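Here are two short exercises on helix packing, each with a worked solution. Have the model open and try each task before reading on.

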Amino acid sequence: MENKDKNTNRKYIAKIVIAILTLLLVVVIAYSIGRPLVRFVSDPAKFRDWVNEKGFLGVLAFISMNILQVLLAVIPGGPFEVGAGYAFGIVRGTLICDFSMTLAGIIIFLFVRRFGMRFVELFVSREKVESVHILKSSRKSESIIFLLFLIPGTPKDLLSYLVGLTDMKLSHWIFISAIGRIPAIFLSVLSGNALNESDYVKVAVMFAVMIVLSIFGVVFYNIKNKKESDTDSTNN
């Protein structure tokens, strides 16, 4: 029994060490790559020049930063998507953003499945975790999550950390993440491309559409979440 307890403690310590090392790696990447990229993305013209100068390495750096943005769940993804539209064009920019965000979602999913709530709490407070009531072990829940991912403005990065705590299959999560993010990414990339072409009327229209859809997304998420919360309270 004593040996069993020692092995359990060792496994627990190993998980904590791996989680800490992961967090440190994220911080190092954020400091070395994140700061200059955020600065460039805020100025789309400079960002395009930087990507063209770096070539394939520039694309890899952008993908890495986009992954980091999802991992940290506090860096807004919109500026990166606008920058992608400006630098890469509509189709290429959409595919690059969707690929990197889907890959980030897979990484998060696998880490959460391996380390559970301890890993989640490195990036998301328990209060935020407990405030989400729409995640349940059912196909209905998966349909709701997919719908939430289709709508701009919903907390996709937060949900990415929580789906690993459910019994959702990885294949289902990959589909939801890859397909569900496309509408929001496409609108942002389209805005960036219009900015590149100096079509400011189109930029204004795209941003107006995104604002309206984002407001709708926030309201829709809050209504669905409150409904599930009320249902849980009734059942309990």
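**Exercise 1: a first helix pair**

In this predicted model, α4 and α11 cross in a right-handed sense. Your task: find which residues of α4 and α11 make the contact, and work out how the two helices are oriented.

*Solution.*

1. Start with the contact. On the α4 side look for G78, E81, V82, G85 and Y86; on the α11 side, for A184, I185, S188, V189, G192, N193, L195 and N196.
2. Sort these residues by character: six are nonpolar, six are polar and one is charged.
3. Now take the geometry. Helix α4 spans residues 78–88 and helix α11 residues 182–196; their axes lie 6 Å apart and the packing angle is about 50°.
4. That angle makes α4 oblique to α11.

**Exercise 2: a second partner for α4**

Now turn to α5. Your task: state at what angle α4 and α5 pack, what the handedness of their crossing is, and which residues meet.

*Solution.*

1. Helix α5 covers residues 90–115, and α4 packs with α5 at about 140°, the axes being 7 Å apart.
2. Is this antiparallel or oblique? Only angles over 145 degrees count as roughly antiparallel, so α4 and α5 are oblique to each other.
3. The crossing of α4 past α5 is right-handed.
4. For the contact, α4 supplies F80, E81, A84 and F88, which meet I90, R92, G93, I96, C97 and M101 of α5.
5. Sorting the contact of α4 with α5 gives seven nonpolar residues, one polar and two charged.

Note on methods
Residues numbered from 1 in each chain as written. Predicted model: local features only at pLDDT ≥ 70, side-chain atom pairs only at ≥ 80, totals over all residues. Heavy atoms only, no water. Axes fitted to C-alpha atoms, helices over the stretch in contact; angles between N-to-C directions. Helix = DSSP H or I, 4+ residues; strand = E, 2+ residues; numbered from the N terminus. Parallel < 35°, antiparallel > 145°, perpendicular 65-115°, else oblique. Left-handed = near helix turned anticlockwise from the far one by under 90°. Contact = heavy atoms within 4.5 Å. Nonpolar A, V, L, I, M, F, W, Y, C, P; charged D, E, K, R; others polar.
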